[in-house]
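User: Please take a close look at one part of this structure, the first helix and its packing against other helices. A connected account with the criteria stated would be appreciated.

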Amino acid sequence: MKNKTRKLVWASFLLILGLILPRLVNLAGSPTLGNLISPMHIPVFLTALILGPFYGTLIGFITPLFSTLLFAMPPVMPPITFLMAFELAAFGLVAGYLYSNKSQNMYLSLIAAMILGRFVYGLALIAVGPIFDFNPPFIPFMQGAFVTGIPGIVIQLVVIPLIVEKIKPIKEFAEFNRKVK
């Protein structure tokens, strides 16, 4: 029971961070800065790596939806919110699954998730775009998703492993105490 409570507390904290971090970036600069560094992605990746694929997927999916409800960002029209919900859910699923079950290599897990998440973004565009009458040219749109994301990818590959390495001793200590009791 304590482990589930810990996970819910961590997930709640990371969800709140996913809502607040983009607002702080927008206050510090322009909305373009937020598009470049993708601050909402960082808490989702942290959730996946710390809590695993279930929470990574859940937090990835709901963070952009809650952000839109609370702050009207990302915008519903065009349906960027929905595209991001699927993209971030894929980030959380892939990074969490690979890191916790397969590779234990944080960089491989992050890079694979970043690539597959962007493909899910494209598939979501094909599926959801017509519902909102949002039909940009697919190839240029996807090129933009990959190219515009490069600064954020670099930042994420530097910052996320540093944070996870700092959190790991806390997590291991909590798991050790749970096993001892």
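Analyst: What follows treats the two helix packings, then a loop and a pocket.

This is a predicted model, in which local features need pLDDT of at least 70 and side-chain atom pairs count only at pLDDT 80 or more, while totals for chains, interfaces and linings use all residues. Residues are numbered from 1 along each chain as its sequence is written, and side-chain values use heavy atoms, with hydrogens and water left out.

Helices here are DSSP runs (H or I, at least four residues), numbered from the N terminus. Helix α1 spans residues 2–28 and helix α3 residues 41–51; their axes come within 9 Å and cross at roughly 165 degrees. Axes are lines fitted to C-alpha atoms, for helices over the stretch in contact, with angles from 0 to 180 degrees between N-to-C directions. Angles over 145 degrees count as roughly antiparallel, under 35 as roughly parallel, 65 to 115 as roughly perpendicular and the rest as oblique. The pair α1 and α3 is therefore roughly antiparallel. Their crossing is right-handed (the near helix is turned clockwise from the far one by less than a right angle). In α1, Lys 7, Trp 10, Ala 11, Leu 14, Leu 17, Gly 18 and Leu 21 meet Pro 43, Leu 46, Thr 47, Ile 50 and Leu 51 of α3, contact meaning heavy atoms within 4.5 Å. This contact comprises nine nonpolar, two polar and one charged residues; Ala, Val, Leu, Ile, Met, Phe, Trp, Tyr, Cys and Pro count as nonpolar, Asp, Glu, Lys and Arg as charged, and the others, Gly among them, as polar.

With α4, the axis of α1 comes within 9 Å and crosses at roughly 40 degrees, so α1 and α4 are oblique to each other. This crossing, too, is right-handed. On the α1 side the contact includes Lys 4, Leu 8, Leu 15 and Arg 23, and on the α4 side Tyr 55, Ile 59, Phe 66 and Phe 71 are among the partners. By class, the residues divide into 10 nonpolar, three polar and three charged.

The loop between α4 (53–71) and α5 holds Pro 74, which a cis peptide bond joins to Met 73, with omega of about 0 degrees. Ala 72 is also placed in the loop between α4 and α5, and its phi is near 60 degrees, a positive value in a residue other than glycine. Most residues other than glycine have a negative phi, and most peptide bonds are trans.

Helix α1 also supplies at least two residues of the lining of the largest pocket, as do α2, α5, α6 and α7.
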